[in-house]
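Student: I would like to go through this structure slowly, and to ask at each step what a term rests on.
Tutor: Then let us take the terms one at a time and set each value against its cut-off.

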2 protein chains.
Amino acid sequence: MSDVAAAAGVSKATAARALGDYGAVSDAVRDRVLGAADRLGYRPNALAKTMSTGRSNTLGIVVGDIENPFFAQATRGAADVAAAAGFDLILSNSDEDLETEAKAIGVQLAKRVDGLLVAAASSVETQNLRTVIDAGRPLVLFDRTAQGVEADSVIAANRSGARELTSLLVDAGHRQIAFISTTTHPADAFARTDVLPTSSVAERVEGFLDAMTAGGIEHPERHVHLNARREGVERMATRLLTGADPVTAIVASDSLIALGVFRAARELGLQIPRDLSLVAFDDADWTGVATPGITVMAQPIHEIGAEAAELLIRRVRGDGRPPVTRVLKQHLIERESVAPPSR
Amino acid sequence: MSDVAAAAGVSKATAARALGDYGAVSDAVRDRVLGAADRLGYRPNALAKTMSTGRSNTLGIVVGDIENPFFAQATRGAADVAAAAGFDLILSNSDEDLETEAKAIGVQLAKRVDGLLVAAASSVETQNLRTVIDAGRPLVLFDRTAQGVEADSVIAANRSGARELTSLLVDAGHRQIAFISTTTHPADAFARTDVLPTSSVAERVEGFLDAMTAGGIEHPERHVHLNARREGVERMATRLLTGADPVTAIVASDSLIALGVFRAARELGLQIPRDLSLVAFDDADWTGVATPGITVMAQPIHEIGAEAAELLIRRVRGDGRPPVTRVLKQHLIERESVAPPSR
DNA sequence: GTGAAAGCGCTAACAT
DNA sequence: ATGTTAGCGCTTTCAC
């Protein structure tokens with residue numbers, strides 16, 4: 001920049017005003033500066049700007065895994081809102097692991113992002129989130145809330161969604177219904193939802209239990225199967241489908257899990273919905289073209305990301321109102337994967 | 001940092017050495033500094049560091065659309081390699097638009113990324129890419145090469161892949177075979193591959209033409225249909241499937257296009273493969289669970305991203321060898337979507 | 001082994 | 001309208 005200033009025969013300050021389009025500059029000078037900048041191939045240094053202004057016009061986003069279509073869509077929603085407001089995004093994957101998440105957040109903070117969007121790896125162990133708040137950076141949680149963390153969050157109505165999805169199965173006459181999630185949990189099966197690391201899953205479990213209970217099924221918590229990542233979704237599904245008291249219906253906590261279940265069923269030669277009824281969260285591509293089509297609870301994924309980014313930008317701009325939790329509606333897409341049990 | 005230095009009773013320089021783990025510091029001092037930093041909740045400022053060292057330990061990546069599973073996977077591959085080497089990623093979507101891409105690249109450059117990974121919106125109009133090179137930043141292209149740009153690239157063997165995929169159709173006896181791509185082109189149908197904006201698609205078109213010609217089909221270029229985004233993939237497929245001389249087989253340039261074709265066929269009540277044979281690039285989730293399964297040419301997508309990141313990091317570290325183009329193998333996954341034409 | 005001081009490229013008073 | 005100057009938080013000579 002000082003080269004440009006020299007070439008234009010003005011001071012650095014004036015060049016900065018012309019280049020940065022602020023303060024008062026005469027037209028003649030502006031032209032000269034811009035001309036010189038162009039001639040010299042001037043490239044602004046956003047870091048230096050951040051150093052002196054304290055603002056980076058950058059948002060950070062921490063997702064579980066960008067390859068998961070859910071996160072890809074939410075990220076896109078956030079990126080669009082951010083771009084429209086003149087912010088860019090630094091992306092990190094947490095792999096749903098607290099340590100990895102801590103590192104990611106550390107990096108983003110060191111890079112002086114103006115605010116952070118995070119799908120918390122844990123809704124219970126919130127140290128990483130506190131770090132953000134302690135650093136004085138606005139934080140918006142999406143997909144999951146976190147206990148006792150003073151931050152906005154944008155989530156979907158998971159409990160009612162799960163209830164509705166499960167009722168479909170109960171009403172069709174199923175009693176042996178399994179809820180499958182990859183979320184980790186100290187015990188293999190469900191114990192207490194408030195210790196489940198992912199609040200969205202906890203809510204789905206609650207909705208599942210609600211519907212099971214309403215259907216008069218005893219000990220519904222015995223039907224909740226977590227830690228599917230450890231065992232492998234297909235393996236777990238196979239086990240549940242071929243055990244002593246085989247399940248006749250499955251609620252998959254997300255579309256990736258549903259895909260594993262679908263494959264396992266096919267591998268076992270089981271027909272959906274004749275031998276197995278299957279419902280899931282998220283209207284992934286494949287659920288519509290698989291045969292039969294899978295009945296799903298669709299979430300407004302883009303909106304989750306977009307809304308989160310909007311809230312964050314508002315905070316970055318100084319909104320000091322108390323934290324809010326926005327709950328977005330889910331909606332059911334009925335296809336052909338539910339039928340009465342055959343046995 | 002100067003607070004920490006003061007609290008530890010040392011100079012800023014010494015505190016920096018202890019905190020930054022470089023230079024020579026006595027154990028006693030290091031402990032005191034680290035202790036003070038901890039107590040004061042010191043957070044390093046990566047920007048300031050970049051300002052003085054000139055290195056940001058950040059890579060930029062520009063993709064067409066992070067929601068596209070291809071880019072999500074490639075991004076993940078790159079992110080993993082980057083993270084392992086201590087780099088983080090700034091992500092931008094170009095929407096396959098040159099202006100948006102220019103902005104994205106401008107931002108990344110201003111943020112002083114150490115290098116840039118880009119899936120060029122155009123392999124022909126390479127001004128945006130030159131900008132990167134002129135700024136003296138290492139550039140690695142992935143998925144697509146760019147004419148006359150001195151940069152490494154990592155691509156897949158698209159021409160041979162397309163040839164193989166098309167041959168399946170030709171060998172099954174098809175003559176009315178359409179190649180569909182969303183890539184834009186001045187003319188509606190194919191004219192010259194060297195003006196196609198996306199080199200990967202250009203190569204696929206060439207492979208398609210190779211196989212068509214080898215199969216003795218005249219004017220194969222009349223079978224290439226571009227600009228599908230403008231018309232809409234489903235609409236175009238419907239048109240091709242119901243016109244005067246309806247096609248009996250389709251080569252979809254990517255899995256998103258194949259999905260549109262699949263839906264259009266179903267809408268029309270057409271059975272695959274009886275009424276329509278369909279092959280596509282990329283082993284997307286749905287292609288394996290749709291009925292029938294879709295025969296695809298799988299690309300090593302993760303590797304494309306990972307390899308690109310590796311090359312880039314090597315360049316960032318000073319590797320000055322002439323640019324290389326890495327061509328990764330594709331592999332065929334035969335499923336049930338190909339059969340002889342029924343008419 | 002430690003400290004003083006300059007400098008990275010920009011912005012923001014303040015003065016003129 | 002324009003210039004001067006200090007300073008953002010760090011690294012890096014260069015002394016000591």
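**Terms and their grounds**

Tutor: In this predicted model, the residues of the surface near DNA strand C divide into 14 nonpolar, seven polar and five charged.

Student: What makes a residue count as near DNA strand C, and how many residues surround the strand?
Tutor: A residue is near if one of its heavy atoms lies within 4 Å of the strand. There are 26 residues around DNA strand C, and the closest are Met1(A), Tyr42(A), Thr14(B), Arg17(B) and Ser26(B). Of the strand's atoms within 4 Å of the protein, 64% belong to sugar or phosphate, and the rest belong to bases.

Student: Why is the pair formed by Arg17(B) and DNA strand C called a polar contact?
Tutor: An N or O atom in the side chain of Arg17(B) is 2.5 Å from a base nitrogen of DNA strand C, and a pair of N or O atoms within 3.5 Å is a polar contact, so the term applies. For Ala48(A), a polar backbone atom is 3.4 Å from a base nitrogen of the strand, while a polar side-chain atom of Ser52(A) lies 2.8 Å from a sugar or linking oxygen.

Student: Which element gives the most to the surface near DNA strand C?
Tutor: That is helix 4 of chain A, with five residues.

Student: Why is the pair of Phe262(A) and Trp286(A) called edge-to-face?
Tutor: Six aromatic pairs are counted over all chains. In the one formed by Phe262(A) and Trp286(A), the ring centres are 5.6 Å apart and the planes stand at 65°; centres within 6.5 Å make a pair and planes over 60 degrees apart count as edge-to-face, so both conditions hold. Phe262(A) lies in helix 12 and Trp286(A) in helix 13 of chain A, so the pair ties together parts that are 24 residues apart in sequence.

Student: What makes the pair of Phe179(B) and Phe208(B) tilted?
Tutor: Their ring centres are 5.4 Å apart and their planes are at 50°, which is neither under 30 degrees nor over 60, so the pair is tilted. Phe179(B) belongs to strand 6 and Phe208(B) to helix 9 of chain B, so this pair ties together parts that are 29 residues apart in sequence.

Student: How do you know whether Phe179(B) is buried or exposed?
Tutor: Buried means under 20% relative accessible area, and Phe179(B) has 0%, so this residue is buried. Phe208(B) also counts as buried, at 0% relative accessibility.

Key
Residues numbered from 1 in each chain as written. Chains lettered and ligands numbered in written order. Predicted model: local features only at pLDDT ≥ 70, side-chain atom pairs only at ≥ 80, totals over all residues. Heavy atoms only, no water. Polar contact = N/O pair within 3.5 Å; in protein donor to acceptor, adjacent residues only side chain to side chain. Helix = DSSP H or I, 4+ residues; strand = E, 2+ residues; numbered from the N terminus. Nonpolar A, V, L, I, M, F, W, Y, C, P; charged D, E, K, R; others polar. Buried < 20%, exposed > 50% of the residue type's maximum accessible area, 1.4 Å probe, protein only.
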